[in-house]
Amino acid sequence: MSKEIKSYDEVKTMLGSASEAWEMLVGYIRNYYIMDELWAEGNPNHKHYHNLRFRRGG
């Protein structure tokens, strides 16, 4: 199931101290590339349950 990207506060709560690194990485991608962003949530038992996916159109 794909949704809009979660708010920064929700992501910060999920990531804890790693939220600063996530913010820098996502900011870099948004600044240097033109991509679609999809927030995907899969099986809650899977270790990669929350995913922010970047996709280049075309």
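This report covers three residues of helix α2, the aromatic pair and a nonpolar surface patch in a predicted model.

Helix α2 spans residues 19-32 and includes Tyr32. Ser19 also belongs to helix α2. Tyr28 and Tyr32 both sit in helix α2, four residues apart, which is about one turn of the helix.

The relative accessible areas of these residues are listed below.

| Residue | Relative accessibility | Class |
|---|---|---|
| Ser19 | 4% | buried |
| Tyr28 | 45% | partly exposed |
| Tyr32 | 54% | exposed |

Ser19 is classed as buried because its 4% relative accessibility is under the 20% cut-off. Tyr32 counts as exposed because its value of 54% is over 50%. Tyr28, at 45%, falls in between and is therefore partly exposed.

**Aromatic pair**

A pair of aromatic rings is described by the distance of the centres and the angle of the planes. The structure holds one aromatic pair. Its members are Tyr28 and Tyr32, with 4.5 Å centre to centre and 40° between the planes, a tilted arrangement.

**Surface patch**

Tyr28 and Tyr32, together with Tyr33, make a nonpolar surface patch of about 360 Å².

**Surroundings of Ser19**

The side chain of Ser19 reaches the backbone oxygen of Gly16 at 3.0 Å. Leaving aside residues up to four places away in sequence, Ser19 touches Tyr8 and Lys12.

Terms used: Residues numbered from 1 in each chain as written. Predicted model: local features only at pLDDT ≥ 70, side-chain atom pairs only at ≥ 80, totals over all residues. Heavy atoms only, no water. Patch = residues over 30% accessible without salt bridge, like charges linked within 9 Å, V, L, I, M, F, W, Y side chains within 5 Å. Areas by Shrake-Rupley, 256 points an atom, 1.4 Å probe, with all protein chains shown as cover. Salt bridge = Lys/Arg side-chain N within 4 Å of Asp/Glu carboxyl O. Helix = DSSP H or I, 4+ residues; strand = E, 2+ residues; numbered from the N terminus. Phe/Tyr/Trp six-rings, centres within 6.5 Å; stacked < 30°, edge-to-face > 60°. Buried < 20%, exposed > 50% of the residue type's maximum accessible area, 1.4 Å probe, protein only. Polar contact = N/O pair within 3.5 Å; in protein donor to acceptor, adjacent residues only side chain to side chain. Contact = heavy atoms within 4.5 Å.
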